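Work through these short exercises with the structure open. Each task is followed by a stepwise solution.

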Amino acid sequence: MTTAKREYTDDMDELSGFGGGYEANCRAMVLGGLDWWDEHPDADPQFKGFKGVYGLMISEDDEAKALSEAMVAATPDRDVTGAMHQAATSHVLWIRSNGWGKYVEESRERAAKDKD
């Protein structure tokens with residue numbers, strides 16, 4: 001899974017832990033979200049979630065809605081679950097704060113530990 005600027009490689013940890021098409025959609029959503037943010041560098045999308053509830057995130061503003069739409073549009077068939085959306089959004093937000101390089105580094109470290 002790659003875009004012009006970023007690439008998921010086989011030595012990186014999974015987002016979802018489910019593999020296959022589910023994982024591919026999650027990764028596509030992350031890359032689509034990051035591409036959107038590259039085009040909107042001053043964006044500050046706001047999301048709301050619920051304690052103890054996974055898979056239900058609310059887009060609080062137009063930027064959050066646009067980011068979510070770009071993420072879903074990046075998948076091959078636009079068939080995503082709320083859990084996929086929340087997981088991918090969490091990764092996008094973390095990457096925006098910490099950088100793609102740090103994300104790749106930590107993902108590879110987790111994947112290497114899982115093999116031990």
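## Exercise 1: A salt bridge to helix H1

Aspartate 35 is partly exposed, at 26% relative accessibility. The model is predicted. Task: find which side chain aspartate 35 meets in a salt bridge.

Solution.
1. The partner is arginine 6, at 3.3 Å from N to O.
2. Place the pair: arginine 6 sits in the segment before H1, aspartate 35 in helix H1, and 29 residues separate them.
3. Classify arginine 6. Its relative accessible area is 11%, and buried means under 20%, so arginine 6 is buried.

## Exercise 2: Two bridges to helix H4

Task: state where arginine 108 and aspartate 11 lie, and what their pair ties together.

Solution.
1. Their side chains form a salt bridge of 3.0 Å, N to O.
2. Arginine 108 is in helix H4 (residues 100-115) and aspartate 11 in the segment before H1, so the bridge ties parts 97 residues apart in sequence.
3. Now take aspartate 13 and arginine 110, whose side chains meet at 3.1 Å, N to O.
4. Aspartate 13 is in the segment before H1 and arginine 110 in helix H4, so this pair also ties parts 97 residues apart.
5. Compare cover: aspartate 13 is buried at 18%, whereas arginine 110 is partly exposed at 34%.

## Exercise 3: Arginine 27

Task: is arginine 27 buried or exposed, and what does its side chain reach?

Solution.
1. Arginine 27 belongs to helix H1 (residues 20-39).
2. Its relative accessible area is 11%, so arginine 27 is buried.
3. Its side chain reaches the backbone oxygen of aspartate 13 at 3.3 Å.
4. The arginine 27 side chain also makes a polar contact with the side chain of glutamate 23, at 2.9 Å.

Methods. Residues are numbered from 1 along each chain as its sequence is written. This is a predicted model: local features need pLDDT of at least 70, side-chain atom pairs count only at pLDDT 80 or more; totals for chains, interfaces and linings use all residues. Side-chain values use heavy atoms; hydrogens and water are left out. Helices (H or I, at least four residues) and strands (E, at least two) are DSSP runs, numbered from the N terminus. Buried means under 20% relative accessible area, exposed over 50%, partly exposed in between (1.4 Å probe, protein chains only). A polar contact is a pair of N or O atoms within 3.5 Å; within protein, one must be able to donate a hydrogen and the other to accept it, and residues adjacent in sequence count only if both atoms are side-chain atoms. A salt bridge is a side-chain nitrogen of Lys or Arg within 4 Å of a carboxyl oxygen of Asp or Glu.
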